[in-house]
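Work through these exercises with the model open beside you. Each task is followed by a solution in steps.

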Amino acid sequence: MQAFWWGGKIDLENPKIISVYDALKPKLGENFTLGYERGCDWSATNETAIIREGDPRTERLNMTLMESSDPTNWKAAIKLASESDVVIAALGENPTLCREARQRKGIRLPGDQERFLKELIATGKPVVLMMFGGRPRVIDEVEAGCAAILQAWYPGEEGGNAVADILLGNVNPSGKLCVSYPKTESEELYCYNNGVSQEKIAYPFDFGLSYTSFEYSGMNVPATAQTTDDFIEISCRVKNTGMRKGVEIVQLYLSPESSQSLKPIQLKGFARVNLKPGESKRVSFKVSPQQMAYYVNGKWTIDDGAYKFKIGASSSDIRLESSCQLIGKKLQMEHRNVLFAVQDIQP
């Protein structure tokens, strides 16, 4: 970013960027041998960001396309992969292609990366795909061939250490997707709260895996509530049923059963629950009726009627659900003061 906007010499030590390779070396120990080859560029000559003709920043843009001074050697990388027990493929985009005011013709892995990844998979060795960048990508042709996929986004200066700890199991991943991952490059608007067909989604909103497993039970929802209530309390119990300690992101969604003015499903709250193997905790949400309001004619409006509360591990992995009848007169407000439910976690 410094080279693009201001030019000048870049100090590689300030800030010091920790790569995944540099982070893995001291963490692996004596029983591992770590190899490295830069198999292909992350981009190609036809994969450039669009800059208006004559823009003085074009020269600096071309300079930033050279992300690494390491030479590329496709054959050496495939040979190294074929001789290894596990292959870690670090692919994706950097800010030259993916940030504000950047535009591409598609959202697959740019350049020859997808073809390169297919050849890595063809070695028959387990391939862990790590994707860096700021957007989801269509990976339908390579997904099934990967032993694991880690969406690293732009992880920051210490991102290499964070990714390495997840790869080695030092940290149990608990992140959830903040967007829906499409299956195709179709130019459609995908948003979970519109009730998008799962046939079009590779990974749904709020999806994320863990090295352990979680069980949901005992959902409590009041049968009725008043439109004038301060809050509606909803709770459930979550248990770690695996062998590793972990963090589950318990998600609360709302679906209207009678109102046609609200989205089919909407996230209304979430809670991070730390659980040891075999441990369970009760998670409670205090939902304000204001969270059931919709905006029309310059007012926020709360309708009476039936609403379904859903608790799950993602927008499409709903584990528990129960209905509540909201009773009382329709309310209208100038403003909403509550957007997310207050959560509480107890043994």
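**Exercise 1. Find how strand 1 and strand 2 pair, and over how many bridges.**

Step 1. Strand 1 (87–92) and strand 2 (residues 127–132) run parallel and share six bridges. Strands here are DSSP runs of type E with at least two residues; helices are runs of H or I with at least four residues, and both are numbered from the N terminus. Two strands pair if DSSP finds at least two bridges between them.

Step 2. Take one bridge as a check: glycine 92 has phenylalanine 132 of strand 2 as its partner.

Step 3. Note the source of the coordinates. This is a predicted model, in which local features need pLDDT of at least 70 and side-chain atom pairs count only at pLDDT 80 or more, while totals for chains, interfaces and linings use all residues. Residues are numbered from 1 along each chain as its sequence is written, and side-chain values use heavy atoms, with hydrogens and water left out.

**Exercise 2. Extend the sheet to strand 3, and state the strand order.**

Step 1. Strand 2 also pairs with strand 3 (residues 148–153), in the parallel sense, over five bridges. Valine 128 has alanine 148 of strand 3 as its bridge partner. Phenylalanine 132 stands opposite tryptophan 153 in strand 3.

Step 2. The result is an open sheet of three strands in the order 1-2-3, with parallel pairing. Strand 1 and strand 3 stand at the edges with a single partner strand each, so one side of each has no neighbour in the sheet. From one strand to the next, the twist averages 20°.

**Exercise 3. Place helix 5 relative to strand 1 and strand 2.**

Step 1. Helix 5 (113–122) lies across both strands and runs at about 170° to strand 1. Such angles run from 0 to 180 degrees between N-to-C directions, with axes fitted to C-alpha atoms, for helices over the stretch in contact.

Step 2. Strand 1, helix 5 and strand 2 form a right-handed β-α-β unit. Right-handed means that, with the strands pointing away from the viewer, the path from the first strand over the helix to the second runs clockwise.

**Exercise 4. Decide which residues of strand 2 are buried.**

Step 1. Look at one side: Val127, Leu129 and Met131 are buried. Buried means under 20% relative accessible area, exposed over 50%, and partly exposed in between (1.4 Å probe, protein chains only).

Step 2. Now the other side: Val128, Met130 and Phe132 are buried too.

Step 3. Six of the six residues are buried, so strand 2 is largely enclosed by the rest of the structure.

**Exercise 5. Find the buried residues of helix 4 and what they pack against.**

Step 1. In helix 4 (residues 74–82), the buried residues are Trp74, Ala77, Ile78 and Ala81. They span an arc of only 95° around the axis, which puts them on the same side of helix 4. The arc is taken from the directions from the helix axis to the C-beta atoms.

Step 2. These buried residues pack against strand 1 and helix 5. Contact means heavy atoms within 4.5 Å.

**Exercise 6. Describe the sheet of five strands.**

Step 1. This open sheet has the order 7-15-14-9-10 and mixed pairing. Strand 7 (224–226) and strand 10 (266–275) are the edge strands, each pairing on one side only. The twist averages 30° from one strand to the next.

Step 2. Strand 9 (residues 246–256) pairs with strand 10 in the antiparallel sense over nine bridges. Within this pair, tyrosine 253 has leucine 267 of strand 10 as its bridge partner.

**Exercise 7. Are tryptophan 153 and asparagine 297 buried, partly exposed or exposed?**

Step 1. Tryptophan 153 sits in strand 3. Its relative accessibility is 23%, so tryptophan 153 counts as partly exposed.

Step 2. Asparagine 297 lies in the loop between strand 12 (294–296) and strand 13 (299–302). Asparagine 297 is exposed, at 76% relative accessible area.

Step 3. Check the backbone. Most residues other than glycine have a negative phi. Tryptophan 153 has a positive phi near 55°. Asparagine 297 has a positive phi of about 55°.
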